[in-house]
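Here's a quick tour for the bench. Have the sequence and the 3D view open side by side as you read.

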Amino acid sequence: AKLDGRNTYRFFTPEMRAQSLRALQLENALRRALDRDELQLHYQPQVRIRTGRVHSVEALLRWNHPKLGPISPSEFIPVAEDTGQILQIGEWVLRNAVAQLKAWRSAGLAELKIAVNLSAIQFHQPQLPDLVSQILHAAAVPPDALELELTEGVAVNDPRTATETMDQLRSRGVRLSIDDFGTGYSSLSQLKRFQIYKLKIDQSFVQDLDHDGNDRAIVSAIIRMAQALGMQTTAEGVETDAQLQFLRDMGCDEAQGYYFSRPLPPGEELLDFLKGRA
Ligand code: C2E
Ligand code: CA
Ligand code: CA
Ligand code: CA
């Protein structure tokens, strides 16, 4: 350890070294992932609590590397954000998700919508609204069939561009959701100004609903606030019947989680599930 000028020690532990080697390895492997068809999207249904119907599915990125095996998006997306690779990957995600939605709509799920996660870096590209419009237009999918999921940080760190981009996307008909809601620092006035369509209640609050009174208080407050501001609510990470009951009692609109379905590849199992709940 070395003492630097400001009275703090700088460590470079073997663990940190291993971490940065891994990041470097992933960065190199990611460069080829798109060309080699190693990326895939899985889809997780968002279930309306009152009716049991599914109005939309969330696209979640999967990477299966031939040698390293499956790598979690929580691990490789931060790497792709650091290197800028997220722009290319994010565009691929948008195109693929919209193409899949188009296929489902043609296969009888005419009203289905799709939710796509956006990284802050994508969001701050001035050409994002045009790119999104162009992708939707090329696939002949109406803009209100696309929900873009942003985390709270996007709005907080750069409110001016954020407002502009959000206004542009919204004026073209695209819906905006706040992901992992409750873990960031967005204010009520911001939410109102951004005309957010949906709040996704972070799964960390949902997990312990059964035995944590604070989490119950937080979740019910989020739902009431969203209702007062005219926003939809989706609870993430719903795994048990008891969690679902509580959310239903509180008036939460949608639930997403293993209780209903894991994220699935776009095959027969998923199609059957969606058709059974259309
Ligand atoms: P997220 O957007 O908050 O996605 C929810 C995560 O919770 C997903 O993890 C999902 O598989 C997982 N999940 C769903 N239901 C349950 C449940 O009942 N219990 C538990 N314990 N987990 C559940 P996943 O797929 O590993 O994705 C992790 C994160 O990676 C996502 O969190 C999102 O932030 C990011 N991500 C995934 N795909 C993309 C993408 O295409 N673009 C960007 N920018 N980020 C993505
Ligand atoms: Ca999400
Ligand atoms: Ca989330
Ligand atoms: Ca998350």
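What follows is a short rundown of the metal sites and one helix residue. Keep in mind that this is a predicted model. Two calcium ions, ligand 2 and ligand 3, sit 4.0 Å apart and share D179 as a bridge. A further calcium ion, ligand 4, is 6.0 Å from the calcium ion (ligand 2).

**Calcium ion (ligand 2)**
- Its protein donors are E58 (OE), N117 (OD1), E149 (OE) and D179 (OD), at 2.1 to 2.3 Å.
- Read along the chain, these donors are spaced as E-x58-N-x31-E-x29-D.
- E58 comes from strand β4 (residues 54–65) and D179 from strand β8, so this pair ties together parts of the chain that are 121 residues apart in sequence.
- Both E58 and D179 are buried.

**Calcium ion (ligand 3)**
- Here the coordination comes from D179 (OD), D180 (OD) and E236, which gives two OE contacts, with distances of 2.1 to 2.5 Å.
- The donor spacing reads D-D-x55-E.
- D180 and E236 link distant parts of the chain: D180 is in strand β8 (residues 175–181), while E236 is in the loop between β10 (232–235) and α11 (241–250), 56 residues away.
- Are these two residues buried or partly exposed? E236 counts as buried because its relative accessibility is 8%, under the 20% cut-off. D180 has 27% relative accessibility, so D180 counts as partly exposed.

**Calcium ion (ligand 4)**
- For this ion the protein donors are two OD atoms of D180, lying 2.9 Å away.
- You've met D180 already: this strand β8 residue is also among the residues coordinating the calcium ion (ligand 3).

**Bridging, once more**
- If you're picking a place to start looking, try D179, which coordinates both the calcium ion (ligand 2) and the calcium ion (ligand 3).

**Q190 in helix α8**
- Away from the ion lists, take a look at Q190, which is in helix α8 (residues 188–194).
- With a relative accessible area of 12%, Q190 falls under the 20% cut-off and therefore counts as buried.
- Which residues does Q190 touch, leaving out those up to four places away in sequence? They are A155, V156 and Y185.
- Take V156 as an example: Q190 and V156 are 34 residues apart in sequence, yet their C-alpha atoms are 8.5 Å apart in space.

Technical notes:
Residues numbered from 1 in each chain as written. Chains lettered and ligands numbered in written order. Predicted model: local features only at pLDDT ≥ 70, side-chain atom pairs only at ≥ 80, totals over all residues. Heavy atoms only, no water. Donors = N, O, S within 2.8 Å, 3.2 Å for Na, K, Ca; no water. Helix = DSSP H or I, 4+ residues; strand = E, 2+ residues; numbered from the N terminus. Buried < 20%, exposed > 50% of the residue type's maximum accessible area, 1.4 Å probe, protein only. Contact = heavy atoms within 4.5 Å.
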